[in-house]
Amino acid sequence: MGTLPKKSQIVAGSTVSIVTKEDQKNGHLTDGIVDEILTNSESHPHGIKVRLKGGKVGRVRIIQ
């Protein structure tokens, strides 16, 4: 897998693919629109944590 997106690349309203905590082992990605960025730092080794519209929380793997 390539490098993960940095916080500065993610904005509310972006369409992204995240991996939720439940899907970390199987790697299943969930697509959605960013509602809120939850990670404070610019980068994180596992991806920037976001909340999608609809309430799902996970770490960004891909910006669409």
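**Strand pairing in a small barrel sheet, Q&A**

Trainee: Let's start with Arg51: which residue stands opposite Arg51 in strand 4?
Mentor: Strands here are DSSP runs of E, at least two residues long, numbered from the N terminus. Strand 3 covers residues 49-52, and 3 bridges join strand 3 to strand 4 in an antiparallel run. Opposite Arg51, in strand 4, stands Val57.

Trainee: Before we go on, what kind of model is this?
Mentor: Residues are numbered from 1 along each chain as its sequence is written, and side-chain values use heavy atoms, with hydrogens and water left out. Local features need pLDDT of at least 70, side-chain atom pairs count only at pLDDT 80 or more, and totals for chains, interfaces and linings use all residues, since the model is predicted.

Trainee: Which residue takes a positive phi in the hairpin of strand 3 and strand 4?
Mentor: Look at the link between those two strands, which has 4 residues. The one with phi near 105° is Gly54.

Trainee: And how many bridges does strand 1 make with strand 4?
Mentor: Two strands pair if DSSP finds at least two bridges between them. Strand 1 is residues 15-20 and strand 4 is residues 57-63, in the antiparallel sense. Along that pairing, Val16 has Ile63 as its bridge partner, and Thr20 stands opposite Gly58. The bridge count is 5.

Trainee: On the other side, which residue in strand 2 stands opposite Thr15?
Mentor: Strand 2 (residues 30-37) pairs with strand 1 in the antiparallel sense over 4 bridges. Strand 2 is also joined to strand 3 by 3 bridges, with Ile37 partnered by Val50. As for Thr15, the residue opposite is Ile33.

Trainee: In what order do the strands close into a barrel?
Mentor: There are 4 strands in the barrel, with antiparallel pairing. Neighbouring strands are turned by 70° against each other on average, direction ignored; axes are lines fitted to C-alpha atoms (for helices, over the stretch in contact), with angles from 0 to 180 degrees between N-to-C directions. The order is 1-2-3-4.

Trainee: Is Ser17 buried or exposed?
Mentor: Ser17 lies in strand 1. Beyond neighbours within four places in sequence, Ser17 is in contact (heavy atoms within 4.5 Å) with residues including Leu29, Arg59 and Gln64. Buried means under 20% relative accessible area, exposed over 50%, partly exposed in between (1.4 Å probe, protein chains only). At a relative accessible area of 3%, Ser17 is buried.
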